[in-house]
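Here is a friendly walk through the side-chain pairings of one protein chain. Take a look at the model first, and then we can go through it together.

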Amino acid sequence: VVQGMTGELLVSPEPQGRAALHYDIHCAPVGTPGPPETWPRVTAVRAQPATSIRGLTPGVTYVFQIRALGALGYSPWSDPITRMCT
């Protein structure tokens, strides 16, 4: 997860080769109540180019998790990744 333009973070899942049909990315401000499964979700068709998550508030730290969908179903969600948006 890297900074894009102001209010934007760019998410690049680790490629899973041809095994991944797409990637789910969910994010929320750190401290958001409720389970991560209820956070807003974005679907990325491929790992590259990075998926832009826009409309974020500068100065707020966000937590992200990513999972892949393949022929055998969904992978587990990744470990949480945090990044402050500028």
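## Glu8 and its surroundings

Glu8 is buried, with a relative accessible area of 7%. Keep in mind that this is a predicted model. Glu8 sits in the loop between β1 and β2. A polar atom of its side chain lies 2.8 Å from the backbone nitrogen of Met5.

Which residues does Glu8 touch, leaving aside its neighbours within four places in sequence? The contacts are Gln3, Ser52, Ile53, Arg54 and Cys85. Two of these names, Arg54 and Cys85, come back below.

## Two salt bridges

How many salt bridges does a search of the whole structure find? The search gives two. In one of them, Arg54 pairs with Glu8, and their closest N and O atoms are 3.4 Å apart. This pair links distant parts of the chain: Arg54 is in the loop between β5 (51–53) and β6 (61–70), Glu8 is in the loop between β1 (2–3) and β2 (9–11), and 46 residues separate them. The two partners also have opposite settings, as Arg54 is exposed, at a relative accessible area of 63%, whereas Glu8 is buried, at 7%.

Arg67 and Asp24 form a salt bridge too, with 3.2 Å between the closest N and O atoms. Arg67 belongs to strand β6 and Asp24 to strand β3 (residues 20–29), so this pair ties together parts that are 43 residues apart in sequence. Are these two partners buried or exposed? Both Arg67 and Asp24 are buried.

## Arg67 and an aromatic ring

Arg67 has a further partner to look at in your viewer. This arginine lies over the face of Tyr74, at 3.7 Å from the ring centre. As for pairs of aromatic rings, the count comes to zero.

## Cysteines without a disulfide

The search of the whole structure finds zero disulfides. Cys27 is in no disulfide, and its nearest cysteine sulfur, that of Cys85, is 9.7 Å away. Why do Cys85 and Cys27 not bond? Their sulfurs are 9.7 Å apart, which is too far for a bond, because a disulfide needs the two sulfur atoms within 2.5 Å.

Both cysteines can be placed by their accessibility. Cys27 is buried, with a relative accessible area of 12%, and Cys85 is buried as well, with a value of 0%. Cys85 is also one of the contacts of Glu8, which brings us back to the residue where this tour began.

Key:
Residues numbered from 1 in each chain as written. Predicted model: local features only at pLDDT ≥ 70, side-chain atom pairs only at ≥ 80, totals over all residues. Heavy atoms only, no water. Salt bridge = Lys/Arg side-chain N within 4 Å of Asp/Glu carboxyl O. Helix = DSSP H or I, 4+ residues; strand = E, 2+ residues; numbered from the N terminus. Buried < 20%, exposed > 50% of the residue type's maximum accessible area, 1.4 Å probe, protein only. Phe/Tyr/Trp six-rings, centres within 6.5 Å; stacked < 30°, edge-to-face > 60°. Lys NZ or Arg CZ within 6 Å of the ring centre and 35° of its normal. Polar contact = N/O pair within 3.5 Å; in protein donor to acceptor, adjacent residues only side chain to side chain. Contact = heavy atoms within 4.5 Å.
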